[in-house]
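Student: Could you take me through this model slowly, setting each term against its definition as we go?

Tutor: Gladly; here is the entry itself, and then we can begin.

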Amino acid sequence: MKRIKIFDTTLRDGEQSPGCSMHLSEKLEIARALERMKVDIVEAGFAIASPGDFEAVKAIAGILKECTVASLARAIHKDIDAAYEAVKGAALPRIHTFIATSPVHMQYKLKMSPEQVLEMIEDAVSYAKKYCGDVEFSAEDAMRSEPEFLAKAVYTAIKAGATVVNIPDTVGYSTPSEMAQMISYLKNHVENIDKAEISVHCHNDLGMAVANSLAAITAGATQVECTVNGLGERAGNAALEEIVMALQTRKNLFGAYCNVDATKIYQTSRLVYNILGLQPPLNKAIVGQNAFAHEAGIHQHGVLANRETYEIITPQSIGLPTSRMVLGKHSGRHAVESRLSELGYTLSKEELGQVFQSFKELADKKKMVTDRDLEALLKHKKVEEQVEGFKLERFTVNSGNYVTSNAVVRLSKGDKLFEEVAIGDGPIDAAYKAIDKIIDGKPRTLENYSIHSITEGEDALGEAVVKVKSGDAYATGRGLSTDVIEASILAYLNAVNKLLQD
Ligand code: KIV
Ligand code: ZN
């Protein structure tokens with residue numbers, strides 16, 4: 001059995017997708033979860049892209065002990081300098097440098113001849129190699145490159161010291177058979193190919209990213225680049241959970257395995273969705289809410305008789321909690337603690353105390369507190385901890401189809417209280433205007449607003465997510481409550497507090 005290394009790029013390619021930018025503390029939390037799940041390599045970011053990216057890569061390099069930490073860098077010295085500065089503190093640092101090799105990219109984007117591109121590869125890889133033993137080279141848009149030229153590029157990178165050569169399907173254009181052919185071609189035509197690991201990095205524009213990655217494995221690739229929940233540019237990257245479960249479920253077919261602890265998949269997937277304020281599509285393979293739900297009578301009958309009739313993987317294998325313990329207002333601290341631990345969360349005594357307090361408040365308003373509710377409470381406790389600033393004390397709104405909506409909002413900051421009244425186009429707008437008046441009188445723009453319920457039922461918790469713009473700066477805020485207006489106000493305050501901190 002050959003071992004496949006799992007290279008996770010949620011924090012780099014995943015973060016590049018619209019609406020997926022994350023704060024440092026959120027990136028650190030994901031990095032820790034990836035290490036717990038035992039991925040081999042964490043691509044922590046693109047160090048040169050911004051000071052925030054640089055700091056994030058550096059901080060992640062400082063905390064991960066078992067995983068290799070990589071930073072992306074274009075094939076130019078200043079990018080490679082920044083990448084090395086950011087990862088040098090890692091137990092296992094890697095510089096990941098790339099340049100495009102397809103005719104369309106070389107001619108229109110790089111405006112370089114193929115010979116110049118080869119020179120850049122040789123220069124960048126040997127420059128990175130002076131800093132770091134572990135250097136990955138990616139031939140961007142490899143799958144639309146001329147195979148002969150791609151082979152030269154790969155040969156040049158390995159000769160200059162690359163330990164990993166990555167073959168990305170940057171635009172998600174390939175099919176599984178083409179992918180396998182390209183890997184076989186490189187294995188047969190690159191003289192020094194045995195000196196490096198072959199990696200693939202597939203995008204999902206035609207929905208084939210996972211199939212393409214698996215086809216590459218059958219042809220000899222030993223590293224796969226992927227993201228949690230398949231996040232990533234445009235239609236995303238190959239989904240980590242699908243690759244891992246395909247390898248685990250069809251181990252004999254692929255003759256390959258990976259070291260990822262699949263029982264951490266559910267928790268890591270939820271963590272990433274929660275941080276981004278996104279819900280998994282219901283039918284998302286492996287982690288969607290319906291992935292293990294059997295609706296049709298004939299299927300239910302079969303599953304009751306023997307699970308294997310319609311279930312090829314068990315919920316337990318991805319760490320999905322199966323017991324249906326219901327928590328309510330009579331549940332004690334111990335029950336909450338043991339449920340959280342079944343869900344994979346280990347809290348300190350102090351954290352448990354805070355979550356238990358929020359749980360009690362929620363259980364007073366809601367008959368049953370579900371796993372989703374508990375996770376939402378945990379997530380929002382963290383959101384609040386991360387952002388200091390104004391706090392909501394109380395609010396009153398008055399609204400109807402014959403009155404102009406108005407709101408009175410009282411906030412506190414430290415030991416000071418502030419109160420304002422405002423009218424608006426609906427109660428939420430009125431409350432937001434009252435908050436703006438309290439803060440500095442400056443209007444902010446609400447770029448995006450959404451609200452969804454965490455679970456079903458009329459007493460469900462609602463989570464509001466807003467994107468607020470102030471000048472050139474943006475912030476995303478989240479608020480949680482059984483009252484949608486309160487959730488909306490909390491989300492706005494969360495975003496405004498972030499903007500005030502920046
Ligand atoms: O899609 C791509 O080609 C990339 C490379 C930079 C690895 O993300
Ligand atoms: Zn990519």
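Student: Which residues are around ligand 1?

Tutor: The residues around ligand 1 are Arg-12, Asp-13, His-96, Phe-98, Ser-138, Glu-140, Asn-166, Pro-168, Thr-170, His-201 and His-203, where a residue counts as near a molecule or strand if one of its heavy atoms lies within 4 Å of it. This is a predicted model, in which local features need pLDDT of at least 70 and side-chain atom pairs count only at pLDDT 80 or more, while totals for chains, interfaces and linings use all residues. Residues are numbered from 1 along each chain as its sequence is written, chains are lettered from A and ligands numbered from 1 in the order in which they are written, and side-chain values use heavy atoms, with hydrogens and water left out.

Student: How do the residues of the shell around ligand 1 divide into nonpolar, polar and charged?

Tutor: The shell has two nonpolar, six polar and three charged residues; here Ala, Val, Leu, Ile, Met, Phe, Trp, Tyr, Cys and Pro count as nonpolar, Asp, Glu, Lys and Arg as charged, and the others, Gly among them, as polar. At least two residues of this shell come from each of helix 1, strand 4 (93–100), strand 5 (135–140) and strand 6 (164–169), helices (H or I, at least four residues) and strands (E, at least two) being DSSP runs numbered from the N terminus.

Student: What makes the approach of Thr-170 to an oxygen atom of ligand 1 a polar contact?

Tutor: A polar contact is a pair of N or O atoms within 3.5 Å; within protein, one must be able to donate a hydrogen and the other to accept it, and residues adjacent in sequence count only if both atoms are side-chain atoms. An N or O atom in the side chain of Thr-170 is 2.6 Å from an oxygen atom of ligand 1, and therefore the pair falls within the 3.5 Å limit. For His-201 the corresponding distance to an oxygen atom of ligand 1 is 3.1 Å. The protein covers 94% of the 260 Å² of accessible area that ligand 1 has on its own, areas of this kind coming from the Shrake-Rupley method with a 1.4 Å probe, and for residues only the protein chains shown count as cover.

Student: How do you know that Asp-13, His-201 and His-203 coordinate the zinc ion (ligand 2)?

Tutor: Donors are N, O and S atoms within 2.8 Å of the metal (3.2 Å for Na, K and Ca), and water is not among the atoms, so sites may look incomplete. Asp-13 (OD), His-201 (NE2) and His-203 (NE2) lie at 2.0 to 2.1 Å from the zinc ion, and so they meet the 2.8 Å limit. Along the sequence, these donor residues follow the spacing D-x187-H-x1-H. Distant parts of the chain are linked in this way, with Asp-13 in helix 1 (residues 10–14) and His-201 in strand 7 (residues 197–202), 188 residues apart.

Student: Why is Ser-138 called buried?

Tutor: Buried means under 20% relative accessible area, exposed over 50%, and partly exposed in between (1.4 Å probe, protein chains only). Ser-138 has a relative accessibility of 4%, and therefore counts as buried. This residue belongs to strand 5, and its side chain makes polar contacts with the side chains of His-96 (2.6 Å) and Asn-166 (2.8 Å).

Student: Why is Thr-10 also called buried?

Tutor: Thr-10 has a relative accessible area of 0%, so it is buried. It lies in helix 1, and its side chain reaches the backbone nitrogen of Val-228 at 2.9 Å.

Student: What makes helix 9 (residues 209–219) largely enclosed by the rest of the structure?

Tutor: Helix 9 is described in this way because nine of its 11 residues are buried, among them Val-210, Leu-214 and Ile-217. Just after helix 9, Gly-220 takes a positive phi of about 130 degrees.

Student: Why is Arg-234 called partly exposed?

Tutor: The relative accessible area of Arg-234 is 46%, so this residue is partly exposed. Arg-234 lies in the loop between strand 8 (223–226) and helix 10 (240–249), and its phi is near 50 degrees, a positive value in a residue other than glycine.

Student: Is Ile-286 buried or exposed?

Tutor: Ile-286 counts as buried, because its relative accessibility is 13%. Its place is in the loop between helix 12 and helix 13, and it has a positive phi of about 70 degrees although it is not a glycine.
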